[in-house]
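Here are a few worked exercises to try with the structure open in your viewer. Have a go at each task before you read its solution.

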Amino acid sequence: MRGPTLAATPESERARDNVTGAHVLTGEMLVWSDFGRVAAPLAIQVVLTEVVRSRAPKKVLLAGPRAAMLVENLPATATIEILLRSIPDSRVVSDAAGLHDRASLHIGGIDAYDNDTGFDLVVALGGPTRLLGPDSTGMGEAEVVARLAGLLAPEGTLVVDVANELGLHELLAAQPLLDVDDDDAWHIGADGFNHRRLHLAELEGVRQDQGLTTDALFGAYPTPDAHHLLVDGAALAEGTPRLTDAARRHSCRAAERHFRDIPALRDPRGTVERLVDGGVVTQLAPAWLLVAHRGTAAQSLTLPAVIDAETWVDPAWARIHSVDHGGVSSAVWASGNVDAEVNVGAITRDLAPQTPANGRILEMELRDACARRSHRDIRMLVEQYRTWLRDPSVWTTATAERRGFATIDNVVIGDDGTLSVVDSSWRRAGVLGADDMFVLALRQFATRLMASAAPHPWKTSTTPDELTASLGAMVGTVVTSDVVWRVVRVQSEIAAVITPSDLTVAELIETSLELGALPLNLPSANSAGFRELLAHDRMRSRRMREHDGQVAWLEGTLRHRDRYIRDLERIIERYEETLTWKTVQAIRAPRRIATQKAVSTAKSTANEVLPPDFMSKARRLARRAVK
């Protein structure tokens, strides 16, 4: 069986880890760590905080590596048990678990864990692939959920995630998310594991069979092992337009950033927007996060409708956004920082909530106009954006420092046609001029548009820099190479501070300039949707067939002329072999020689008899006579 090897030690010797004191239930996974393969469950922190506040659990089970990362969010007075699969992971968690007086660690699968005392709260993340090991008894998702529900106290709460086989991550990805040769795929083909995941209706049946009452069912994005966005589809169906707009913004941004470097079958941003509008954001989520309780007397929970944890920025800048059922947003620092703002160099960020007007992201409006090939609509939107950036009533002394982050993907066009910034928490010391900001935002939009191979009215060989110049020219803005370099420098200086990148500012500038000058509308080959790439490939193939036809015609013409030349050469050769040709050549040779000798003799005689300058005078006289 594939996967990490098991410790071949006697049961008595592996009962406890001598460093952490963790109980070894089954053979632990040697030279293995889940922490390097999964992401911290930042969004679930909000759910766990509300559960702890409302229901004050006294006995808690954290099962799986991602659940173990939440130990610091539990009260120090609670009795905590943590279930992991390897000793190295237990040693990482032991430091945080050591802050709790009544915390204990266990090594093994959920199948081997047995505790007669019911838990007030069970948090299990990762499903069978993270809760079981290669020597565990195989279990499907339904069996795992039933096993976890059996560990609950009469009024206990269960927080569990279940992967969706029909999730958007599988439907959009153009390549398998799990390599069958990777150690993570050890469960494929193993006995006891289901050949497919649960469907949503089947999960509902399992919940009912276990006597659980649902508190909330979130759609988890963007992947089952790294869901940083939680969306409550039921809340969206009953919520306000402001809530729907907020869910659309957060979902589109999460999908676009996840598929930025992953081959996709179609544009993820537009697809997720349609899922939200169509009310199927939960049904097609990569995973579901079920929050349920046993019995009917449990304290009610007031959970947000949307929870979005930022992972695209450096951890020092990351925030966790929560949107309630009325569409009102709030934010906290993911690091637990209690300061009102964070400052590094010229960049500052605060906890300002996202409160834009109801409406749609400006970038989606521009993409739709490009797809319609409507130059008029494109020009109107670009002109409206430039006018807004120049409006002194919008960018006052108090807000001018935020203009450097008012990019097209961070601006919403309201139902009344007005523009407003979505995330206004960023500031940059030193005001960025309106015209430079306009060019910077156009260039970012052009790069994303080209990278996604989205439809547009320009030729396919257009580069992002050329498209930036075209968009600017629509409203009378001349985009020169000096302006491009200036805005790229500003963009790179910001990116070097806020994004988790090891590149220097100079390297970021060089990379950005290269991408802007790259033709064939593919700054990043993996960023284009497969359908768009297929259409692009068909167009290039058609042109190649046309060129091949032209080349074939030219080659045929050359072959015809070669044959004609060879026929002429054979005719000449036959003439040269005739007696007449040979006779003429024989007669012409003496006559030519005699003529040459006569002319030479006449010239030498004339030079001797005539005066020295007579010949030159005769030539001049002849030229005048000819004229």
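**Exercise 1.** In this predicted model, work out which residues of α10 are buried and what they pack against.

*Solution.*
- Step 1: Take the cut-off for buried, under 20% relative accessible area. P268, R269, G270, T271, V272, E273, L275 and V276 pass it in α10.
- Step 2: Put that against the helix as a whole. α10 spans residues 268-278, and 8 of its 11 residues are buried, so this helix is mostly covered.
- Step 3: Look at the partners. The buried residues of α10 pack against α6, β7, α8 (233-238), α9, β15 (359-361) and α11 (362-371).
- Step 4: Check what comes next in the chain. Just after α10 you hit G279, with a positive phi of about 75°.

**Exercise 2.** Find which residues line the largest cavity, and sort the lining by element and by class.

*Solution.*
- Step 1: Count the cavities. There are 5 of 30 Å³ or more, and the largest holds about 60 Å³ of space.
- Step 2: List the lining of the largest cavity: L168, H169, Y221, P222, L229, S251, A254, A255, F259, V272 and P286.
- Step 3: Sort by element. Those giving two or more residues to this lining are α6 (168-172), β7 (212-223) and α9 (241-258). The top contributor is α9, with 3 residues.
- Step 4: Sort by class. The lining has 9 nonpolar and 2 polar residues, and no charged ones.
- Step 5: Zoom in on two of the lining residues, Y221 and P222. The peptide bond from Y221 to P222 is cis, with omega near 0°, and P222 sits in strand β7. As a reminder, most peptide bonds are trans.

**Exercise 3.** Which strands are joined to β7 by bridges, and what stands opposite F218?

*Solution.*
- Step 1: Take β9 (residues 287-294). It runs antiparallel to β7, and 8 bridges join the two. Here F218 stands opposite L289.
- Step 2: Take β8 (residues 226-232). It is also antiparallel to β7, with 6 bridges between them. In β8, the residue opposite F218 is D232.
- Step 3: Trace the connection from β7 to β8: a hairpin, made through 2 residues.

**Exercise 4.** Are the buried residues of α7 and of α14 on the same side of their helix or spread around it?

*Solution.*
- Step 1: Recall the geometry. An α-helix has 3.6 residues a turn, so residues three or four places apart point the same way.
- Step 2: For α7 (200-209), the buried set is L203, V206 and R207. They cover an arc of only 100° around the axis, so they lie on the same side of α7.
- Step 3: Turn α7 over. The face away from its buried side carries the exposed residues A201, Q208 and D209.
- Step 4: Ask what the buried residues of α7 pack against: α5 (141-149), β6 (152-163), β7 and β9. After α7 comes G211, whose phi is positive, near 70°.
- Step 5: For α14 (residues 464-474), P464, L467, T468, L471, G472 and M474 are buried. Their arc is only 150° around the axis, which puts them on the same side of α14.
- Step 6: Find the cover. The buried residues of α14 are covered by elements including α12 (375-390), α13 (434-451) and α16 (505-516). Just after α14, G476 has a positive phi of about 85°.

**Exercise 5.** Classify the loop residues I188, A334, A56 and R373 as buried, partly exposed or exposed.

*Solution.*
- Step 1: I188, in the loop between α6 and α7, has 38% relative accessibility, so it counts as partly exposed. Its C-alpha atom is 9.5 Å from that of T129, 59 residues apart along the chain.
- Step 2: A334, in the loop between β12 (329-333) and β13 (341-344), has a relative accessible area of 15%, so it is buried. Leaving aside neighbours within four places in sequence, A334 is in contact with L42, Q45, A318, R319 and I320.
- Step 3: A56, in the loop between α1 (42-55) and β2 (59-63), is at 44%, so it is partly exposed. Its phi is positive, about 45°, although it is not a glycine.
- Step 4: R373, in the loop between α11 and α12, is at 46%, so it is partly exposed. Phi of R373 is also positive, near 60°. For context, most residues other than glycine have a negative phi.

Notes:
Residues are numbered from 1 along each chain as its sequence is written. This is a predicted model: local features need pLDDT of at least 70, side-chain atom pairs count only at pLDDT 80 or more; totals for chains, interfaces and linings use all residues. Side-chain values use heavy atoms; hydrogens and water are left out. On a 1 Å grid over the protein atoms alone, a cavity is a set of points where a 1.4 Å probe fits but cannot get out, and a pocket is an open set with protein on both sides within 12 Å along at least five of seven lines; lining residues have an atom within 4 Å of a point. Grid points are joined across faces, edges and corners, and a volume is the space filled by probe spheres set on the points. Helices (H or I, at least four residues) and strands (E, at least two) are DSSP runs, numbered from the N terminus. Ala, Val, Leu, Ile, Met, Phe, Trp, Tyr, Cys and Pro count as nonpolar, Asp, Glu, Lys and Arg as charged, and the others, Gly among them, as polar. Buried means under 20% relative accessible area, exposed over 50%, partly exposed in between (1.4 Å probe, protein chains only). Contact means heavy atoms within 4.5 Å. Two strands pair if DSSP finds at least two bridges between them. The arc is that of the directions from the helix axis to the C-beta atoms.
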